[in-house]
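Visitor: I am new to this structure. Please take me on a close look at its pockets, and then at what lies around them.

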Amino acid sequence: MEDYGRFLALLVSALLVGFLSVVFSLVWVFHYREGLSWDGSPREFNWHPVLIITGFVFIQGIAIIVYRLPWTWKCSKLLMKFIHAGLNTIAMILAIVSMVAVFEFHNAKNIPNMYSLHSWIGLTAVIFYSLQLFLGFAVFLLPFAPVPLRAALMPIHVYSGLTIFATVIATALMGITEKLIFSLKNPAYSASPPEATFVNCLGLLLVIFGALILWMASRSHWKRPPEENA
Ligand code: ASC
């Protein structure tokens, strides 16, 4: 591979920024909020940012770039497909559990569901992500689809995957903003208390993580060579 060092530097940066985002989400809920539990309280809601950032952002990001890791090019393509599908399945389950946490919290507190733009786009992303996973499994993992169909659907699979990933990050930023406006009252968000600044930084980390993953995924010279174990 040409510029292996550059790829490695980007990969390590993405892993660090992604891991730091997960740590920031935990510091947010444990240090600034009330922590985690599953009892209809705001602590149940807190699973939402933690599971979304861990699963729907970090794990999905890794799932997108697993085919780019040069030391896996000697592994069978089928094994890599299982890893790609497995990571995406874990991300989907965490995203669904994180939505259940919000619905249960809302219902326990009589807060309306599904009125915000964050909720509309977020639910749409989870539905399309699940469809993408199901279709990807049926077409690229199971041995039934003919090669011309695989070839025709691959650019669409790549395009929708990257679009869903970018949408998830945008949706997370909307959710973070909403939550800060709702929950920071005294002092308000507009007074820039430490929690506001800290969580704004979490939003910046998510954008940087997304930018790094999309860069690695869109460099054609970092693609797995098709001739090896294709
Ligand atoms: C697959 C696979 C590929 C593509 C290719 C069509 O299932 O392993 O490399 O589809 O066959 O683009």
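Guide: Here is a walk through the two pockets, followed by salt bridges, unusual backbone spots and a surface patch.

This is a predicted model, where local features need pLDDT of at least 70, side-chain atom pairs count only at pLDDT 80 or more, and totals for chains, interfaces and linings use all residues. Residues are numbered from 1 along each chain as its sequence is written, and side-chain values use heavy atoms, with hydrogens and water left out.

Start with how a pocket is found. Rolling a probe the size of a water molecule over the atoms shows where empty space is left. On a 1 Å grid over the protein atoms alone, a pocket is an open set of points where a 1.4 Å probe fits, with protein on both sides within 12 Å along at least five of seven lines; lining residues have an atom within 4 Å of a point. Grid points are joined across faces, edges and corners, and the volume is the space filled by probe spheres set on them.

The largest pocket has a volume of about 1100 Å³. Its lining counts 34 residues, and Y67, K77, M154, H157 and V158 lie nearest the centre. Helices are DSSP runs (H or I, at least four residues), numbered from the N terminus. Each of α3 (47–65), α4, α5 (117–141), α6 (147–183) and α7 (194–218) gives at least two residues to this lining. The largest share, eight residues, is from α6. By class, 17 are nonpolar, ten polar and seven charged. Here Ala, Val, Leu, Ile, Met, Phe, Trp, Tyr, Cys and Pro count as nonpolar, Asp, Glu, Lys and Arg as charged, and the others, Gly among them, as polar.

The second largest pocket has a volume of about 680 Å³. It is lined by 32 residues, with F45, H48, V102, H118 and E178 nearest its centre. α3, α4, α5 and α6 each supply at least two of them. Again α6 gives the most, with nine residues. This lining divides into 20 nonpolar, ten polar and two charged residues.

Now the salt bridges (a side-chain nitrogen of Lys or Arg within 4 Å of a carboxyl oxygen of Asp or Glu). The whole structure has three. One pairs R33 with E195, with the closest N and O atoms 2.9 Å apart. R33 sits in the loop between α1 (4–32) and α2 (42–45) and E195 in helix α7, so the pair ties together parts 162 residues apart in sequence. Buried means under 20% relative accessible area, exposed over 50%, and partly exposed in between (1.4 Å probe, protein chains only). R33 is buried, at 18%. E195 is buried too, at 7%. Another bridge joins D39 and R43, at 3.3 Å between the closest N and O atoms.

Next, the backbone. Most residues other than glycine have a negative phi, and most peptide bonds are trans. N186 and P187 are joined by a cis peptide bond, with omega about 10°. P187 is in the loop between α6 and α7. N110 has a positive phi, near 55°. N110 lies in the loop between α4 and α5. N110 counts as exposed, at 72% relative accessibility. M114 also has a positive phi, about 60°. M114 lies in the loop between α4 and α5.
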